[in-house]
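Thank you all for coming. I would like to walk you through one protein chain this morning, beginning with its overall layout and then turning to a few residues, so please have the model open as we go.

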Amino acid sequence: MKLSKFSDALRAALFAIAIFPSLASAGLLDDDEARKAILKLRADVAALTARLDARIDEKADKNSALELNNQNEQLRAELTNLRGQLEVLLNDVANLQKRQQDFYTDLDKRIRALEPKKLSVDGREVTIEQSEQRSYDAAMSLYKAGQYANAVTAFGAFTMNYGDSVFASQAQYWLANSYYAQRDCKNTIAALQTLLKNYPDSSKAPDALLNISACQLELKDKKESRKTLILLMSKYPGTEAAQAAKSRLTAIK
(Lines give C-alpha, C1' and ligand atoms only; values in the text may rest on other atoms or scores of the structure.)
Protein backbone atom coordinates (compact mmCIF):
# COMPACT_ATOMS: atom_id res chain seq x y z
CA MET A 1 0.00 0.00 0.00
CA LYS A 2 2.77 2.47 0.89
CA LEU A 3 4.65 1.57 -2.25
CA SER A 4 1.52 2.41 -4.28
CA LYS A 5 1.30 5.83 -2.62
CA PHE A 6 4.93 6.54 -3.45
CA SER A 7 4.24 5.58 -7.06
CA ASP A 8 1.22 7.90 -7.23
CA ALA A 9 3.22 10.77 -5.74
CA LEU A 10 6.03 10.17 -8.21
CA ARG A 11 3.63 10.21 -11.14
CA ALA A 12 2.07 13.45 -9.88
CA ALA A 13 5.46 15.10 -9.54
CA LEU A 14 6.53 14.03 -12.99
CA PHE A 15 3.26 15.32 -14.40
CA ALA A 16 3.82 18.67 -12.69
CA ILE A 17 7.31 18.94 -14.16
CA ALA A 18 5.89 18.19 -17.59
CA ILE A 19 3.24 20.96 -17.43
CA PHE A 20 5.34 23.64 -15.72
CA PRO A 21 6.98 24.87 -18.93
CA SER A 22 3.55 25.36 -20.53
CA LEU A 23 2.27 27.20 -17.46
CA ALA A 24 5.31 29.45 -17.45
CA SER A 25 4.93 30.15 -21.14
CA ALA A 26 1.28 31.04 -20.55
CA GLY A 27 2.41 33.74 -18.09
CA LEU A 28 0.93 32.13 -15.03
CA LEU A 29 4.37 32.11 -13.33
CA ASP A 30 7.40 34.28 -13.93
CA ASP A 31 10.74 32.74 -14.74
CA ASP A 32 12.14 32.84 -11.17
CA GLU A 33 9.04 31.35 -9.64
CA ALA A 34 8.84 28.67 -12.33
CA ARG A 35 12.52 27.84 -11.90
CA LYS A 36 12.09 27.55 -8.11
CA ALA A 37 8.98 25.41 -8.46
CA ILE A 38 10.69 23.08 -10.91
CA LEU A 39 13.73 22.75 -8.68
CA LYS A 40 11.48 22.01 -5.70
CA LEU A 41 9.48 19.44 -7.63
CA ARG A 42 12.64 17.84 -8.94
CA ALA A 43 13.98 17.69 -5.37
CA ASP A 44 10.72 16.15 -4.23
CA VAL A 45 10.85 13.63 -7.06
CA ALA A 46 14.44 12.79 -6.22
CA ALA A 47 13.52 12.30 -2.56
CA LEU A 48 10.51 10.21 -3.48
CA THR A 49 12.60 8.14 -5.91
CA ALA A 50 15.24 7.53 -3.25
CA ARG A 51 12.61 6.48 -0.76
CA LEU A 52 10.96 4.27 -3.37
CA ASP A 53 14.28 2.65 -4.25
CA ALA A 54 14.93 2.06 -0.57
CA ARG A 55 11.54 0.45 -0.16
CA ILE A 56 12.12 -1.66 -3.30
CA ASP A 57 15.54 -2.69 -1.99
CA GLU A 58 14.01 -3.50 1.38
CA LYS A 59 11.37 -5.61 -0.29
CA ALA A 60 14.05 -7.23 -2.43
CA ASP A 61 16.09 -7.97 0.70
CA LYS A 62 13.04 -9.54 2.29
CA ASN A 63 12.43 -11.60 -0.85
CA SER A 64 16.11 -12.57 -0.85
CA ALA A 65 15.90 -13.58 2.80
CA LEU A 66 12.81 -15.65 2.04
CA GLU A 67 14.53 -17.26 -0.92
CA LEU A 68 17.65 -17.88 1.20
CA ASN A 69 15.50 -19.47 3.89
CA ASN A 70 13.86 -21.67 1.26
CA GLN A 71 17.30 -22.66 -0.01
CA ASN A 72 18.40 -23.41 3.55
CA GLU A 73 15.37 -25.65 4.06
CA GLN A 74 16.14 -27.41 0.79
CA LEU A 75 19.78 -27.84 1.82
CA ARG A 76 18.70 -29.21 5.21
CA ALA A 77 16.46 -31.72 3.43
CA GLU A 78 19.31 -32.71 1.12
CA LEU A 79 21.67 -32.98 4.09
CA THR A 80 19.20 -35.24 5.91
CA ASN A 81 18.95 -37.38 2.78
CA LEU A 82 22.75 -37.54 2.46
CA ARG A 83 23.06 -38.53 6.12
CA GLY A 84 20.59 -41.33 5.51
CA GLN A 85 22.60 -42.48 2.48
CA LEU A 86 25.77 -42.26 4.55
CA GLU A 87 24.23 -44.49 7.24
CA VAL A 88 23.26 -47.01 4.58
CA LEU A 89 26.78 -46.92 3.12
CA LEU A 90 28.38 -47.30 6.55
CA ASN A 91 26.13 -50.27 7.26
CA ASP A 92 27.01 -51.79 3.88
CA VAL A 93 30.71 -51.29 4.59
CA ALA A 94 30.35 -52.90 8.02
CA ASN A 95 28.53 -55.88 6.49
CA LEU A 96 31.15 -56.14 3.75
CA GLN A 97 33.96 -56.10 6.30
CA LYS A 98 32.21 -58.83 8.30
CA ARG A 99 31.73 -60.94 5.18
CA GLN A 100 35.38 -60.43 4.27
CA GLN A 101 36.44 -61.40 7.80
CA ASP A 102 34.22 -64.49 7.68
CA PHE A 103 35.60 -65.32 4.23
CA TYR A 104 39.22 -65.06 5.36
CA THR A 105 38.46 -67.05 8.52
CA ASP A 106 36.84 -69.78 6.47
CA LEU A 107 39.66 -69.63 3.92
CA ASP A 108 42.22 -69.97 6.71
CA LYS A 109 40.37 -73.02 8.04
CA ARG A 110 40.26 -74.53 4.57
CA ILE A 111 43.96 -73.91 4.04
CA ARG A 112 44.76 -75.40 7.42
CA ALA A 113 42.59 -78.39 6.55
CA LEU A 114 44.71 -78.92 3.44
CA GLU A 115 48.04 -78.48 5.16
CA PRO A 116 50.00 -81.65 5.95
CA LYS A 117 50.16 -82.61 9.60
CA LYS A 118 52.64 -84.61 11.65
CA LEU A 119 51.79 -87.74 13.59
CA SER A 120 53.34 -90.95 14.83
CA VAL A 121 52.74 -94.15 12.86
CA ASP A 122 54.41 -97.41 13.82
CA GLY A 123 56.68 -95.57 16.20
CA ARG A 124 57.98 -93.01 13.71
CA GLU A 125 57.13 -89.39 13.04
CA VAL A 126 55.59 -88.83 9.62
CA THR A 127 53.85 -86.04 7.71
CA ILE A 128 50.62 -86.78 5.88
CA GLU A 129 48.07 -84.86 3.89
CA GLN A 130 44.86 -84.26 5.78
CA SER A 131 42.81 -85.51 2.83
CA GLU A 132 44.74 -88.76 3.18
CA GLN A 133 43.93 -88.93 6.89
CA ARG A 134 40.23 -88.26 6.27
CA SER A 135 40.06 -90.95 3.59
CA TYR A 136 41.63 -93.54 5.86
CA ASP A 137 39.46 -92.55 8.83
CA ALA A 138 36.31 -92.77 6.69
CA ALA A 139 37.19 -96.30 5.62
CA MET A 140 37.87 -97.32 9.22
CA SER A 141 34.55 -95.85 10.31
CA LEU A 142 32.77 -98.04 7.78
CA TYR A 143 34.61 -101.12 9.06
CA LYS A 144 33.82 -100.34 12.69
CA ALA A 145 30.19 -99.75 11.78
CA GLY A 146 29.99 -103.25 10.32
CA GLN A 147 29.57 -101.98 6.75
CA TYR A 148 32.15 -104.41 5.42
CA ALA A 149 31.23 -104.30 1.73
CA ASN A 150 31.52 -100.49 1.77
CA ALA A 151 34.72 -100.78 3.77
CA VAL A 152 36.20 -103.01 1.05
CA THR A 153 35.45 -100.30 -1.51
CA ALA A 154 36.83 -97.53 0.72
CA PHE A 155 40.05 -99.34 1.66
CA GLY A 156 40.57 -100.43 -1.94
CA ALA A 157 40.22 -96.82 -3.11
CA PHE A 158 42.65 -95.69 -0.45
CA THR A 159 45.34 -98.15 -1.48
CA MET A 160 44.87 -97.07 -5.11
CA ASN A 161 45.04 -93.34 -4.34
CA TYR A 162 47.62 -93.40 -1.56
CA GLY A 163 49.90 -96.32 -2.40
CA ASP A 164 52.86 -94.54 -0.80
CA SER A 165 50.98 -93.51 2.33
CA VAL A 166 52.18 -94.52 5.79
CA PHE A 167 48.68 -95.91 6.19
CA ALA A 168 48.86 -97.97 2.99
CA SER A 169 49.93 -101.23 4.66
CA GLN A 170 47.32 -100.85 7.38
CA ALA A 171 44.65 -100.04 4.79
CA GLN A 172 45.64 -103.22 2.93
CA TYR A 173 45.41 -105.18 6.19
CA TRP A 174 41.93 -103.85 7.01
CA LEU A 175 40.87 -104.45 3.43
CA ALA A 176 41.68 -108.14 3.99
CA ASN A 177 39.82 -108.08 7.32
CA SER A 178 36.79 -106.57 5.59
CA TYR A 179 36.76 -109.51 3.21
CA TYR A 180 37.22 -111.95 6.10
CA ALA A 181 34.31 -110.40 7.99
CA GLN A 182 32.18 -111.43 5.00
CA ARG A 183 33.65 -114.94 5.13
CA ASP A 184 35.41 -114.36 1.80
CA CYS A 185 38.62 -116.26 2.52
CA LYS A 186 39.99 -116.29 -1.01
CA ASN A 187 39.98 -112.52 -1.32
CA THR A 188 41.24 -112.26 2.25
CA ILE A 189 44.30 -114.35 1.41
CA ALA A 190 44.90 -112.42 -1.81
CA ALA A 191 44.72 -109.07 0.01
CA LEU A 192 47.10 -110.25 2.75
CA GLN A 193 49.57 -111.63 0.22
CA THR A 194 49.59 -108.22 -1.47
CA LEU A 195 50.40 -106.66 1.89
CA LEU A 196 53.35 -109.03 2.42
CA LYS A 197 54.63 -108.42 -1.08
CA ASN A 198 54.35 -104.63 -1.12
CA TYR A 199 54.99 -103.87 2.56
CA PRO A 200 57.23 -106.65 3.96
CA ASP A 201 58.39 -104.42 6.82
CA SER A 202 54.89 -103.47 7.91
CA SER A 203 53.97 -103.98 11.55
CA LYS A 204 50.94 -105.86 10.24
CA ALA A 205 53.01 -108.47 8.38
CA PRO A 206 53.11 -111.04 11.26
CA ASP A 207 49.34 -110.75 11.75
CA ALA A 208 48.86 -111.04 8.00
CA LEU A 209 50.60 -114.44 7.97
CA LEU A 210 48.60 -115.60 10.98
CA ASN A 211 45.34 -114.65 9.25
CA ILE A 212 46.39 -116.31 6.01
CA SER A 213 46.95 -119.51 7.94
CA ALA A 214 43.48 -119.21 9.51
CA CYS A 215 41.84 -118.76 6.11
CA GLN A 216 43.76 -121.69 4.66
CA LEU A 217 42.53 -123.81 7.53
CA GLU A 218 38.93 -122.72 6.87
CA LEU A 219 39.44 -123.71 3.23
CA LYS A 220 40.47 -127.17 4.47
CA ASP A 221 44.07 -126.72 3.37
CA LYS A 222 45.87 -127.84 6.53
CA LYS A 223 49.18 -128.39 4.76
CA GLU A 224 49.41 -124.78 3.53
CA SER A 225 48.13 -123.54 6.86
CA ARG A 226 50.97 -125.32 8.72
CA LYS A 227 53.56 -124.02 6.23
CA THR A 228 52.34 -120.49 6.76
CA LEU A 229 52.59 -120.80 10.54
CA ILE A 230 56.13 -122.15 10.31
CA LEU A 231 57.09 -119.25 8.00
CA LEU A 232 55.62 -116.81 10.49
CA MET A 233 57.61 -118.23 13.43
CA SER A 234 60.85 -118.22 11.47
CA LYS A 235 60.45 -114.78 9.92
CA TYR A 236 58.99 -112.89 12.87
CA PRO A 237 60.16 -114.67 16.01
CA GLY A 238 59.38 -113.06 19.33
CA THR A 239 56.18 -111.42 18.09
CA GLU A 240 52.77 -112.11 19.59
CA ALA A 241 51.70 -113.49 16.21
CA ALA A 242 54.59 -115.99 16.35
CA GLN A 243 53.51 -117.11 19.82
CA ALA A 244 49.97 -117.62 18.56
CA ALA A 245 51.30 -119.52 15.54
CA LYS A 246 53.19 -121.91 17.82
CA SER A 247 50.01 -122.71 19.74
CA ARG A 248 47.97 -123.20 16.57
CA LEU A 249 50.63 -125.39 14.99
CA THR A 250 50.31 -127.94 17.73
CA ALA A 251 46.55 -127.97 17.25
CA ILE A 252 46.69 -128.68 13.53
CA LYS A 253 47.05 -132.37 12.78
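The protein chain has a secondary structure of nine helices and two strands, and I should say at once that what you are looking at is a predicted model. If you follow the chain along its sequence, the order of elements is α-α-β-β-α-α-α-α-α-α-α, with the two strands written in that pattern after the opening pair of helices. Of the 253 residues in the protein chain, 28% are buried. As for how the chain folds back on itself, if we take contacts between residues at least 6 apart in sequence, 47% of them join residues at least 24 apart.

Let me turn now to the loop between α6, which covers 185–198, and α7, which covers 205–218, because this loop is where we find Lys204, a residue that is buried and yet has no salt bridge. Which side chain of opposite charge is nearest to Lys204? It is Asp207, and the separation is 4.9 Å, whereas a salt bridge would need the nitrogen and the carboxyl oxygen to be within 4 Å, so this pair does not qualify. Setting aside neighbours within four places in sequence, Lys204 is in contact with Gln170, Tyr173 and Leu195.

Ser202 belongs to the loop between α6 and α7 as well, and with a relative accessible area of 8% this serine is buried. A polar atom of the Ser202 side chain lies 3.0 Å from the backbone nitrogen of Lys204. Beyond four places in sequence, Ser202 is in contact with Ser169 and Leu195, and you will recall that Leu195 also appeared among the contacts of Lys204.

Moving on into helix α7, we come to Pro206, which is buried at a relative accessible area of 9%. Leaving aside its neighbours within four places in sequence, Pro206 is in contact with Leu232, Tyr236, Thr239 and Ala241. How far apart in space are Pro206 and Ala245, C-alpha to C-alpha? They are 9.7 Å apart, although 39 residues separate them in sequence.

I would like to finish with the aromatic residues, where the count comes to seven aromatic pairs. One of these is Tyr143 with Tyr148, whose ring centres are 5.4 Å apart and whose planes meet at 65°, so the pair is edge-to-face. Tyr143 is buried, its relative accessible area being 18%, while Tyr148, at 28%, counts as partly exposed. Tyr173, which we met as a contact of Lys204, pairs with Trp174, and here the ring centres are 5.3 Å apart with the planes at 85°, so this pair too is edge-to-face. Are these two residues buried or exposed? Tyr173 counts as buried at 9% relative accessibility, and Trp174 counts as buried at 18%.

There is also a cluster, in which ring pairs link Tyr136, Phe155, Phe158, Tyr162 and Phe167. Finally, at Tyr180 we find a ring with a charge placed over it, for the charged end of Arg183 sits there, 4.5 Å from the ring centre.

Methods
Residues are numbered from 1 along each chain as its sequence is written. This is a predicted model: local features need pLDDT of at least 70, side-chain atom pairs count only at pLDDT 80 or more; totals for chains, interfaces and linings use all residues. Side-chain values use heavy atoms; hydrogens and water are left out. Helices (H or I, at least four residues) and strands (E, at least two) are DSSP runs, numbered from the N terminus. Buried means under 20% relative accessible area, exposed over 50%, partly exposed in between (1.4 Å probe, protein chains only). Lys and Arg count as positive and Asp and Glu as negative; His and the chain ends are not counted. Contact means heavy atoms within 4.5 Å. A polar contact is a pair of N or O atoms within 3.5 Å; within protein, one must be able to donate a hydrogen and the other to accept it, and residues adjacent in sequence count only if both atoms are side-chain atoms. Rings of Phe, Tyr and Trp (its six-membered ring) pair if their centres lie within 6.5 Å; planes under 30 degrees apart count as stacked, over 60 as edge-to-face and the rest as tilted. A charge sits over a ring if NZ of Lys or CZ of Arg is within 6 Å of the ring centre and within 35 degrees of the ring normal.
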